[in-house]
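Work through these exercises with the model open. Each task is followed by a solution in steps.

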Amino acid sequence: MDYNYILLTDSRFISYAVSELRELLGLEGRIKTMALGKGVYLAKLDALPESASERLRNATFSYGVVPVMEISEKMQTDDELVESVSHFLSKDETFRVEVVSLGAKRGESAKSAEVKIGQALESKGFKASLTEPKRVVYIIVGEGIVVTASDKSERLPDITLDHFRLENRSHDSLNRAEIKIKEAFESFGLSGKKLERCLDVGASPGGWTNFLVKRGARVVAIDRGVLEYGKLATADFNVITDLKDYSDRHTVLHIRANISDEADLPFAPDSFDLVAVDTNTDYMESSRIANLLSRYLRHGGFLIMTLKLPKISDAGRIHTVKELLAKEYKVERVKKLHHNRMELTLFATRL
Ligand SMILES: C[S@@+](CC[C@H](N)C(=O)[O-])C[C@H]1O[C@@H](n2cnc3c(N)ncnc32)[C@H](O)[C@@H]1O
C-alpha cells in the first residue's frame, strides 16, 4: 500500500535521491514523485520501516522524508489550516510550524502565516516551542495544492524546511564558501571538536580559512590565487611563495602555490588535525590531492573535501572516490549539503 511523504532534496539530484531511498530503506514498490516546488516533492512510498529516520541520516541526496497528514487541492485559509493541524497535534508535545510557499500566492508571507497559525494553535491550548519542539509541522503551499506534513523532531533530519528560506544568508561570512564549510561542520558533527592546526587546499579567496580561524585554528592555506587578507578574522598572517620560507608561527600562513606532488611539501608527518580540499578539480584529482596529503594528517584527524560534479551523472561516481581514498581514509559521509551547488561534500577520518 502507498503512503504519501514529503521528500526534501535538491531538484537536480531527484533521480539519485529516489534510488538512494530505495536502497537505504529496502523499498521494493514503485516510487512516484511529484514536484511541489523547488526541492520539495510529494512521494508515494510503501510504509517506511521503524528505522527509516536513522538510516536516512546517512543519505547523500535527500534531506528528509516526512509523513503527509493532509493534502488539499484548494487554497486554505489560516483558520482551516489551524483546524486540520489541531487534529493530529497533541497537547502533551510542544510544536513548531513552518510554512513554505513554493510559488503560490496566498496573500500573506509564509513567515506571517507561520506566526498566525502558531498563535492560533497556542490559543487552543497547544504549546509552541521555536527552539526545541517535540513535533514539527510543515505546511507546504504549492500551485493549487496545500500539503501538511509532520513528524516528531527526533525523526527529522538536522536540516529542516526552514533552510529553504535561509539559503545563502549569512552576514558574517567572507563568501558563500564559508557558509558551505559551516554547514559541513554542523552536518558532520564537527562543531564541538577542537581542531588546532588545519591545512586548507584550494583556499583562495579564503572562506574556509576564515571559518577555521574563527574557530581558533591555525591554518596553512595553499592556493596560487590570493586570499582576501583584509577580510580575514586575524591580522596575524604571512604570505610566502617559496617553500623554504615555511614556518608554522602564524595564525594563517598562505603558501601561494598549487599542490602538484608531495615532494614539494614542507610539513611534518601527522601535524594537522584537519585537511580541507576545495580545489576546483575533478573528483579524481581532488582524491589524488587528499591521498597525497594524508601523511600530514594525524591518525583520527579529519578530511573535508568537495567533489565537483561537472555533470549530474558524475554523482554516480561516489563509489569510485571511496575506492580511491580507501587506503588512507575511512569515508564517513558524502552529502549534498544545502549550500553545495554542482558538488557534494565528503567527510572522512584518517586511518
Ligand atoms: C572553489 S575555489 C576555493 C574556494 C575557497 N575554498 C574558499 O573558501 O574561498 C577553488 C580554488 O582551488 C584552487 N586550486 C585548484 N587546483 C589546486 C591545487 N592543485 N592546489 C591548490 N589549489 C588549487 C584554485 O586556484 C581556486 O582558487
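**Exercise 1.** Classify Asp 270 as buried, partly exposed or exposed.

Solution. Count the C-beta neighbours of Asp 270 inside 10 Å: there are 14. Now apply the cut-offs: buried means 20 or more other C-beta atoms within 10 Å of the residue's own, exposed means 12 or fewer, and partly exposed is in between, with C-beta atoms placed from the backbone. Asp 270 is therefore partly exposed, given its 14 neighbours. Next, place the residue: Asp 270 sits in the loop between E11 and strand E12 (272-277). Strands (E, at least two residues) and helices (H or I, at least four) are DSSP runs, numbered from the N terminus. Last, check the backbone: phi of Asp 270 is near 60°, a positive value in a residue other than glycine. Most residues other than glycine have a negative phi, and most peptide bonds are trans.

A note on the model: it is predicted, local features need pLDDT of at least 70, side-chain atom pairs count only at pLDDT 80 or more, and totals for chains, interfaces and linings use all residues. Residues are numbered from 1 along each chain as its sequence is written.

**Exercise 2.** Find the cis peptide bond and say where its proline lies.

Solution. The cis bond joins Ser 204 and Pro 205, with omega about 5°. Pro 205 belongs to the loop between strand E8 (197-201) and helix H7 (207-214).

**Exercise 3.** Describe the surroundings of strand E11 (residues 252-255).

Solution. Start with the faces. Val 252 and His 254 are buried on one side of E11, Leu 253 and Ile 255 on the other, so both faces are covered. Now take the partners; two strands pair if DSSP finds at least two bridges between them. Strand E9 (residues 218-222) pairs with E11 in the parallel sense over four bridges. Here Ile 222 stands opposite Ile 255. Strand E10 (residues 237-240) also pairs with E11 in the parallel sense, over four bridges. In this pairing, Val 239 has His 254 as its bridge partner.

**Exercise 4.** Which residues does Ile 240 touch, leaving out those up to four places away in sequence?

Solution. Ile 240 lies in strand E10. Contact means C-beta atoms, placed from the backbone, within 7 Å. The list for Ile 240 is Asp 245, Tyr 246, Leu 253, Ile 255 and Arg 256. Ile 240 is partly exposed, because 16 other C-beta atoms lie within 10 Å.

**Exercise 5.** Which residues of helix H8 (residues 283-293) are buried, and what covers them?

Solution. The buried residues of H8 are Tyr 283, Ser 286, Ser 287, Ile 289, Ala 290, Leu 292 and Leu 293. Their cover includes E8, E12, strand E13 (297-308) and helix H9 (318-325).

**Exercise 6.** Where does the largest nonpolar core lie relative to the domains?

Solution. Such a core is a set of buried Ala, Val, Leu, Ile, Met, Phe, Trp, Tyr and Cys residues joined through C-beta atoms within 7 Å. The largest has 96 residues, and Ile 6, Ile 140 and Val 275 have the most contacts inside it. Domain 1 (3-166) and domain 2 (176-350) both contribute residues, so this core lies between them. The domain bounds come from an automatic or database domain assignment. The C-alpha centres of the two domains lie 34 Å apart. Ten residues from domain 1 and eleven residues from domain 2 form the contact.

Definitions and conventions. Contact = placed C-beta atoms within 7 Å.
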